[in-house]
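Hi there,

Here is the structure I promised to send you. Have a look at it first, and then read on for what turned up.

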Amino acid sequence: MLMLSASIKHSSFQSESVENNNNRQESAMSKIPVVAKEMIVPFILVAMLFPLWGFANDVTNPLVKAFKDIFLITNAQSSLVQFAFYLGYGIMALPAAIFIRKYSYKSGILLGLALYALGALLFIPASVQQEFNYFLAALCILTCGLALLETTANPYVLSMGDPATATKRLNLAQAFNPIGSLTGMFVASTVILNKLQVEEFRAAERAAHPEYAEMLPSVIDGKLTTALSEFAVNQPIAHQAMQAADLITVRGPYIAIAAVVGLLFLLFLFVKLPSTISHNSPLTLKELGATFRRLFANGRYIEGVVAQAFYVGAQIMCWTFIIHYGMTAVGLTASQAQGYNIVAMSLFLISRFVCTFLLGFIRPGHLLMLLALAGIALALGTIFLGGMLGLYCLIGISACMSLMFPTIYGIALKDLGDDASLGSAGLVMAIVGGALMPPLQASMIDAAPIIGAIPSVRTSFILPLLCFVVIAIYGYRAHHTYKA
């Protein structure tokens with residue numbers, strides 16, 4: 001009994017000791033600033049870059065539907081907009097990381113801004129030639145610039161302070177990304193979709209056929225597309241004039257953002273930024289090979305790259321095809337459907353700040369898993385509820401996605417040191433998931449329904465659902481296996 005009592009007391013003492021040690025660690029972490037004092041100005045400058053790719057992403061998403069009507073192509077063909085956009089990440093991410101490692105974060109920012117502006121300006125010759133493939137090339141060049149900016153900005157922010165607060169610091173910087181996204185969505189809705197003559201044609205067709213009010217939204221959308229095709233055949237000159245006017249409308253925001261990016265290029269050209277890359281190891285082929293071997297041996301990193309690819313795929317699918325969902329499953333106009341996209345992004349922005357706050361109480365991996373599980377539930381509602389309830393579920397998914405990108409990024413790059421610049425390239429290359437998955441969903445939308453009589457535009461959201469399953473598994477492993 002005495003030995004048992006002593007054992008219990010010893011065990012109790014150990015538990016109290018561990019608990020007190022954890023409390024001391026948490027207390028010490030609470031005193032660590034998220035951004036080091038000497039890094040506040042550089043942090044603000046780099047954070048100014050985060051809205052740039054948010055704007056580009058979300059002013060481009062509606063082009064999938066707009067180009068489908070302007071060029072009279074299929075959903076699968078128009079989804080090549082997203083393929084070209086996100087292909088730039090796959091092409092440029094690794095060269096960007098090598099460039100940054102050899103030179104500096106500042107050099108990466110300047111080259112990224114230059115390519116961004118060049119791609120945006122190429123919308124001018126693309127619209128003059130009225131050639132869909134030219135727009136795809138311009139978007140790919142633009143996103144080569146974005147790949148450089150993201151490969152630079154994310155690890156640079158992680159390095160601007162104590163590693164213990166790195167994930168929280170990146171979430172704070174990423175909180176500025178939705179500001180650009182909201183601006184892009186607003187511009188797409190008011191400057192592009194609201195001004196397209198093809199949308200005026202569709203509205204006129206609706207007004208001329210009051211019987212459409214009694215039909216299913218998906219049937220109406222098909223009839224309007226048929227009427228537009230017949231107009232192109234019967235009045236080719238008038239259709240070409242309408243097409244030219246709409247492409248001029250499309251290019252306007254890209255010219256404007258090219259000017260903004262040019263000003264930022266001049267700002268970063270003359271501002272001195274601190275270097276946080278040690279350059280202790282010269283970037284030789286041997287060192288490059290050693291770095292890749294270390295990265296591939298790191299399970300937390302490799303699984304993070306996979307999870308990131310599925311996350312970006314889910315994000316792009318949910319935000320791209322919300323317009324298709326609103327038009328064919330609810331009966332909204334393109335501009336009205338884009339309005340709900342703005343609501344989704346507003347929810348995303350609010351949730352980003354809420355989740356950044358929650359990271360002070362819940363470990364990143366655990367919170368990631370919980371949000372992915374909520375995303376699965378809402379994706380099921382999007383598929384099976386339909387109508388406005390299904391649309392509300394689709395909007396709600398944005399709240400679940402808000403934390404995912406920077407949290408996966410922070411978990412995967414934790415404790416990588418100088419390897420983080422090349423490790424970042426893998427995570428940025430994972431954005432190519434946004435190039436591969438939307439065409440798959442578009443093909444599902446074009447095909448026959450796969451679940452009973454549920455319209456294919458709804459059943460296609462089984463793809464984002466599967467993406468959230470992968471993310472939930474990574475969140476679980478990050479929390480329980482990697483203690484992140």
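Let me start with a term: a polar contact is a pair of N or O atoms within 3.5 Å; within protein, one must be able to donate a hydrogen and the other to accept it, and residues adjacent in sequence count only if both atoms are side-chain atoms. Between domain 1 and domain 2, six residue pairs are in polar contact (both at pLDDT 80 or more).

Some background will help. This is a predicted model, where local features need pLDDT of at least 70, side-chain atom pairs count only at pLDDT 80 or more, and totals for chains, interfaces and linings use all residues. Residues are numbered from 1 along each chain as its sequence is written, and side-chain values use heavy atoms, with hydrogens and water left out.

Now the two domains. Domain 1 covers 40-271 and domain 2 covers 281-483, with bounds from an automatic or database domain assignment. Their centres, taken over C-alpha atoms, are 19 Å apart. To the contact (heavy atoms within 4.5 Å), domain 1 brings 49 residues and domain 2 brings 60.

About 4800 Å² is buried between domain 1 and domain 2, and carbon and sulfur atoms give 70% of that area. Buried area is the accessible area (1.4 Å probe) that two parts lose on being put together, summed over both.

What about salt bridges, meaning a side-chain nitrogen of Lys or Arg within 4 Å of a carboxyl oxygen of Asp or Glu? The rule finds zero across the interface of domain 1 and domain 2, while the structure holds three. One of them joins the side chains of Asp69 and Arg202, at 3.8 Å from N to O. Asp69 sits in helix α4 and Arg202 in helix α12, 133 residues apart; helices here are DSSP runs (H or I, at least four residues), numbered from the N terminus.

Happy exploring!

Terms used
Helices (H or I, at least four residues) and strands (E, at least two) are DSSP runs, numbered from the N terminus.
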